[in-house]
Structure formats: C-alpha cells, structure tokens
Amino acid sequence: MSARPRAFLTTPIYYASGEPHIGHAYTTILTDVMARFARQDGHDVLFLTGTDEHGPKIEQEAASRGMSPQELCDTMAARFSAAWTRLSIGHDRFIRTTEDEHKAVVTAFLQRLWDREQIYSGSYSGWYCIHEERYWTEKDLGPDETCPDCGRPVTHLEETNYFFRMSDYQERLVRQIEENPDWIVPEVRRNEILGFLRQPLGDLSISRPKSRVSWGIELPFDGEHVAYVWVDALINYLTASGAIDPSQPPDAQGFDDVSGSWWPADMHVMGKDILTTHAVYWPTLLMAVGLPVPRRILAHGWWVVGETKMSKSLGNVVDPLQLREEFGTDAVRWYLTREMPTGGDASYTPERFLTRYDELANVFGNLASRATSMIVKYREGAVPDVEGAGLATAIESTLDAVRDSLSRYRVHEALGAAMDLARTANGYVEDQAPWTVAKDPARSEELDETLATLARVLVVLTALFKPVTPEAAELLAQRLGLEEVPTIRGSLEISLAGRNVEKGQPLFPRIDLG
Ligand code: MSP
C-alpha cells in the first residue's frame, strides 16, 4: 500500500520588527495557494510560516519603542498570526525563533558544525547593514557608505567572529544547481545564482560578539558569542520538520537519518531579495552537517510602485488588511496571486485591483449565480438526473492546463485556466439560452442536460477555486448541497443528481465605486 504523497512548503519567517505588509502577504498567500493545491491534489501537507525574532534589528526596534525584545516579538508574532487568519492562510505551524525547541535545534546544529570542524575563529573587518542583516564589502557599497540594497547607512565592523567554511562547498553547490535544472526556479534566478558562484565563494561569518549583539542564541562552544541571525533563522525550516531531536546524544539526534520527518522541505518560497541566503548559505550549511538539501527553491518577484520595491521605509506600502476590509479576503488573494506572474515583478495599481475584482464577480460569481438561479427556477432546486456532459472536454483541458502550469510553478496561469473554465461555461449558457428552451416543454430533456452540465462545472470550479478563494468555494459547495469542497479528482466523480441546490447572495458583491 502506498502512503499519501507529502509536501512540506515554507515561507520565509518575517522579521518581528515591522507590521505585515503586502510583500509578506503575497509570499504567504502564494505559498498558501500552492499548499492548498497540493491538498486538493490528495497530498498530506505541512505548511510552515512564522517570525524571525533575534538579532540587532529586533533589539534596536524594541529599544526605540521602550520595550524588551521579547515583548516586541510577542506583540509582532501575534500581529502576523492575526493577519494570516484574516487572509485565510491555512498554515499548519507558526514557528517563532525564540521558542525553546528551535533554540535547542540551532544549538545542536552549531555543535555539529563545530564537531565536524566546519567552523574556525577569525577576525572580520567590513560593513554591515542592520536593516538587511547582512554583510557588504567595500566595493559593494552605494554612495556615502550606504547599503546597495536598501540605501541605509551601513556600519563598519571590526571584530572576532566565527566563520563557517562555506568556500569548501562551492563546487558541490554548483554541481547541485547544474545537475538539477529545476532546483532554483524561475530560471532567471537560477542563472543569477550560477553567475554569483562564478566568483570565488567566501566563508560565512556565523556569529556576533555578545558585547555588541546580545539578543540571539549563544554558541554552544563559546558563550561570549551569539549566532548570526540568518543562520538562526534558516534553521527554522529544519526545526519545524521534526528531523532533529536535540534531547538525544549527538549521534542519535537525527542528522544521519531524516526518515520519518518532513525533511527535506519540498519547497522554500521567498522573494528574490533573500534568494542568496536560501540558495547558497542554507544548502551549504546543510551539506556541512550531512543533511539533504531542500528539493526546490522558488524565488518570486517584487510588488513595485513605479520602479521601486514597495517598502515601509519608502512609505509606499499598500496595506493588505485595508484592502481586505473593503473587498474581502478572497479578492485580495485573487488579485495578488493572479496579477503577479509567479517569479516576475508586478506593479500594484487600484485600477488593476478593480479589474481583477470584476473578473471574480462577473465571470466566476456571475456563473455561480445564474446557474444556481436557473436550477431553482426551472427545476425547483433539484439537479436533473442526467449525464450533464456538455462541458466535459473543456473541464478535461482545464485540468490539464492547471496541472501543467503548477508543475512549472506558474500559479497565475493555473488560476487563469480556472477562470477561463468559468468564462467558457458562461459562453455555454449564452449558447444554450436556457431561458428560451424552458419555454418549450418539448425541449425539457435539453434543458435538463444544460442544467446538469452547469451543476457539474460548478462542482469542478469549487475544487479549482478553493486554493485561491476558499471562502467563495466553500459557500458555493454549501449551496450545491455538498458537505465540503471536493478534491480536484473527487470533483469529477461527484454526481449532484437529485441534490437540492440553493441560490443566494452574490459570491462577490458589486462594489459601489461612488
Ligand atoms: N527574516 C528574513 C527571512 C528569514 S527566512 C529564514 C526576512 N524577513 S522580511 O520580513 O524582511 O521578509 C522578507 C520577505 O517579504 C521577502 O523575501 C518577500 O518574501 C517579502 N517581501 C517584502 N517586500 C516585498 C515586496 N515589495 N514585494 C514582494 N515581496 C516582498 O527577510
């Protein structure tokens, strides 16, 4: 007997120093849509998100608010968690890096690196951007000693750090990327990392002296230093996988055998801004402790305004929760994942938001409402007991298109294919003109066939729209007399014959733009 296929998907863990914004919401919704598609396709899923709570950035933000770092993290973790609930995110685990379990896994991981002689002590001299929590060399810097990524002033550091022998893994990493063309997607990002790896790869500073940064996880082999926040943060994926049991002696902690856990992750999703940490630091660290690397790394683009990335510091952020207040959760999810080509950039504009909303209301919503109304009007709500094969070919080719797009990580295309099926079904209604057929009792069988076809297509649409618009999909399933939204395969097998269908309020109310 074969076990159900499994999928472990992750988002980055977001810094607990700022409010959730549209960029965080996009990553999380995109991953949620993929996680829900995997569930709709019969997988057991572990979907992980959480907050990144250590390091100088958090320490400084807490100080500026007159709070302790832990108080700030507690407040912000609750904020992220509440935002995800409001945006219908169905994560299975919300990890916080200040959890004891995580701290113990980081400690075990660092000890393992140390025992395997992957770490040495050295002196660091260079520049650091606290906002991005990353090092820069002199030649990287922008004008007037600023961070080339965010433009903020950088700090010059000269201190003793522990270094991870990342350079030893350069060849192995290049081989991993070359032998697995789909390991980093999309291709433009893969090429970017390969380009980066054409230069000699340096070693990675993985610690901070406590005298400068105290808010972090102590190194097990030197209590005067804490772990570099990125190393601490990346390990969250491993903690949540359940692969490592730090309470065991070193040789029995699970580093040599991950079976029975969720490791390796099936897919790490993140923005292109933090691809290097995920595609270079993380896999080399895993190689160094002897663990398998993640199966896939998907970097998406940025929500931009004009030419610049949307960011809090630039004051150009759109608040996803505000949009939700106005248009509802499903509309925000639909807009973000349908509008942005997965992997590319997109520009937020209120006009595009409304165009996408209109598509939900006037294509999907309209089909649902006219089909259920007609079944109620012409057949007192009972779906006729006939085959309803009118759109069989369209359904089949839609499912192929959805499957194909998802296998290429083109989520926006998969969603477009689902919407196209609703569009085709609306065209079918126009062609069949049931309102005319209904007037002629001799054409009753024809009407039955049309109504049964529409009921069938609605069932398939509940399954296809559940990943992106879960509220509407569930509401529609209820109106069709189903206990729950079926899986995609299940939706093809369900017969609604004789079930009682209800009509109701529009799935997506008309927005008064006045
Ligand atoms: N804490 C680190 C991640 C550690 S993961 C082991 C971090 N956090 S963050 O709060 O800055 O979130 C970064 C992520 O937010 C990006 O990778 C991206 O997923 C998302 N976005 C932030 N701004 C964005 C846009 N303007 N557009 C799209 N997504 C962007 O980095």
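Which residue in β11 stands opposite Glu-218? In this predicted model, the residue across from Glu-218 is Val-226, and following that pair of residues is a convenient way into the sheet to which their strands belong.

The strand β11 covers residues 222-227, and its pairing with β10 is antiparallel, resting on two bridges. These two strands are part of an open sheet of three strands, which are arranged in the order β9-β11-β10 with antiparallel pairing. At the edges of this sheet lie β9, made of residues 207-209, and β10, made of residues 218-219, and each of these edge strands pairs on one side only. As a general point, the strands of a sheet pair through backbone hydrogen bonds, and they may do so in a parallel or an antiparallel manner.

From the sheet we can turn to a single residue in a helix, Asp-32, which has its place in helix α1, a helix that runs over residues 22-40. Asp-32 counts as buried because its relative accessible area is 0%, whereas the cut-off for calling a residue buried is under 20%. The side chain of Asp-32 reaches the backbone nitrogen of Gly-90, at 2.9 Å. If the neighbours within four places in sequence are left aside, Asp-32 is in contact with Gly-90 and also with Phe-47, Ser-88, Ile-89 and Arg-333.

The helix α1, with its residues 22-40, also takes in Thr-27, and this residue leads us to the ligand. The ligand is surrounded by 24 residues, of which the closest are Ile-13, Thr-27, Asp-52, Gly-271 and Trp-303. A polar atom in the side chain of Thr-27 lies 2.5 Å from an oxygen atom of the ligand, while an N or O atom in the side chain of Asp-52 is 2.7 Å from a nitrogen atom of the ligand. His-300 also takes part, with a polar side-chain atom that lies 3.4 Å from an oxygen atom of the ligand. Taken alone, the ligand would expose 670 Å², and the protein buries 94% of that area.

Stepping back to the whole protein chain, we find that it is divided into domain 1, which spans residues 6-321, and domain 2, which spans residues 350-491. The C-alpha centres of domain 1 and domain 2 lie 41 Å apart, and the two domains meet through 13 residues of domain 1 that are in contact with 17 residues of domain 2.

Note on methods. Residues numbered from 1 in each chain as written. Predicted model: local features only at pLDDT ≥ 70, side-chain atom pairs only at ≥ 80, totals over all residues. Heavy atoms only, no water. Helix = DSSP H or I, 4+ residues; strand = E, 2+ residues; numbered from the N terminus. Buried < 20%, exposed > 50% of the residue type's maximum accessible area, 1.4 Å probe, protein only. Polar contact = N/O pair within 3.5 Å; in protein donor to acceptor, adjacent residues only side chain to side chain. Contact = heavy atoms within 4.5 Å. Pairing = 2+ DSSP bridges. Near = heavy atom within 4 Å. Areas by Shrake-Rupley, 256 points an atom, 1.4 Å probe, with all protein chains shown as cover. Domains from an automatic or database assignment.
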